[in-house]
Amino acid sequence: MSTAQPKMKLLQAMRSNMLLRHFSPRTITSYLSWVRRFVRFHGMRHPSDLAGADVRAFLGWLAEQRQVAASTQNQALAALLFLYRHVLDRPLEGLGEVPRARMPMRLPVVLTREEIGRILPHLSGCHRLVALLLYGSGLRLLECLTLRIKDVDLVRQEIVVRRGKGGKDRVTVLPAALCQPLSAHLEQLRARHLADIAEGAGWVELPGALRAKYPAAGRSWPWQWLFPAARRYTDRETGEHRRHHLHPSAVQRMMTRAVRESGLGKRATCHTLRHSFATHLLERGYDIRTIQELLGHRDVSTTMIYTHVLNRGGRGVRSPVDDLTEGCGSAVLRN
């Protein structure tokens, strides 16, 4: 690739390279953003004129001045390594050993059943149903919001997650208690979908080249989002009047408000419900491999973090203070 190409051509080449490798849209956006920041940090110099020492300086600035998390620093490094290896096709001289930040091991925040029961009354409508699926099925937030009608099987009581993290499909449980609320939700969606069609709308975005292969699928009922947005938009390329799925930030805001209004002393997010799902299954005696499959973890060691939350294994101890109070009564704790 010529070093005389402008920056926009470089970003276009990088985008095409990532699309060729079927990177997710979120990864493509993140990697391109890091390249832009890298170029701005070095005074708009072209990356082909920079070397490993310049990459190390940028990473050092992120760690020392911006104080970014280890995962953020590693993502920036991954973006720059991809740029030099696959787009510029040149080694990073002077970088030395790749300076990857050490990822700290942090225990996830987990809610009790009572705490979840305090949060749910402060959620309503679709947001409440999303929260129940996050806790009841162990879904990630974006996995839940991108569910299609066809992915939910009320008879078999299962949910098929398409192209989850890592591009993997998996099947997880659909709580029996949610079958009736979901049926009512689907009836409302069908009525709104028919109204959209009557108004010349009713289209939905399809993955990959399915729109070209099945032209009518984008307006069919099975491909509609399970949690569509309230507003429609017009696609610039096709002119179709579509609905997008609920935006993650909208659900996150509602969850934050519900936690605040419930008066909990924990910082709980949408992802906390997924952590609670796994931990409560462990408490009920389900084996770790089953939970691994339901969560979609690549390695069982990732799922093992929840055993630490339960204080099982070598740390499953009983405090001697509990023995003291049993022998001497609760009066021993009083002054």
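Which helix and which strand each supply at least two residues of the lining of the largest cavity? I shall open with that point, and I should say at once that the model before us is predicted.

The helix is α8, residues 179-198, and the strand is β5, residues 241-245. Of these, α8 gives the most to the lining, with four residues. The lining of this largest cavity comprises 14 residues in total, and those nearest its centre are His 193, Asp 196, Gln 224, Pro 228 and Arg 243. Its computed volume is about 130 Å³. The structure holds two cavities of 30 Å³ or more.

I turn now from cavities to pockets. The second largest pocket has a volume of about 250 Å³. Three helices each supply at least two residues of its lining, namely α6 (125-137), α11 (270-283) and α12 (288-295). The largest share comes from α11, with three residues. On the list of lining residues one finds Arg 113, Tyr 135, Gly 136 and Val 173, followed by Phe 277, His 280, Leu 281 and Arg 284, and then Tyr 286, Thr 290 and Leu 294.

Next, the sheet. In what order do the three strands of the open sheet stand? The order is β1-β2-β3, and the pairing is antiparallel. The edge strands are β1, residues 152-153, and β3, residues 170-173, each of which pairs on one side only. As general background, strands of a sheet pair through backbone hydrogen bonds, in either a parallel or an antiparallel manner.

Let me take the two pairings in turn. Between β1 and β2 there are two bridges, in the antiparallel sense. Here Asp 153 has Glu 158 of β2 as its bridge partner. The hairpin of β1 and β2 has four residues between the strands, and within this hairpin Gln 157 takes a positive phi near 55°.

On the other side, β2, residues 158-161, pairs with β3 in the antiparallel sense over four bridges. Val 160 stands opposite Val 171 in β3, while the bridge partner of Val 161 in that strand is Arg 170. As for the side chains of β2, Glu 158 and Val 160 point one way, Ile 159 and Val 161 point the other way, and all are buried.

I come next to helix α3, which covers residues 52-64. This helix has 13 residues and reaches 18 Å from its first C-alpha to its last, close to the 18 Å expected at 1.5 Å a residue. Its buried residues are Gly 52, Asp 54, Val 55, Phe 58, Leu 59, Gly 60 and Leu 62. In general, an α-helix has 3.6 residues a turn, so residues three or four places apart point the same way. Against which helices do the buried residues of α3 pack? They pack against α2, residues 25-41, and α4, residues 70-87.

Finally, I would draw attention to one residue in the loop between α2 and α3, namely His 46. Why does His 46 count as buried? The reason is its relative accessibility of 13%, given that the cut-off for burial is under 20%. The side chain of His 46 also takes part in a polar contact of 2.8 Å with the side chain of Ser 48.

Conventions: Residues numbered from 1 in each chain as written. Predicted model: local features only at pLDDT ≥ 70, side-chain atom pairs only at ≥ 80, totals over all residues. Heavy atoms only, no water. Expected span 1.5 Å × (residues − 1). Buried < 20%, exposed > 50% of the residue type's maximum accessible area, 1.4 Å probe, protein only. Contact = heavy atoms within 4.5 Å. Pairing = 2+ DSSP bridges. Polar contact = N/O pair within 3.5 Å; in protein donor to acceptor, adjacent residues only side chain to side chain. 1 Å grid on protein atoms, 1.4 Å probe; cavity = no way out; pocket = protein on both sides within 12 Å on 5 of 7 lines; lining within 4 Å. Points joined across faces, edges and corners; volume = space filled by probe spheres on them.
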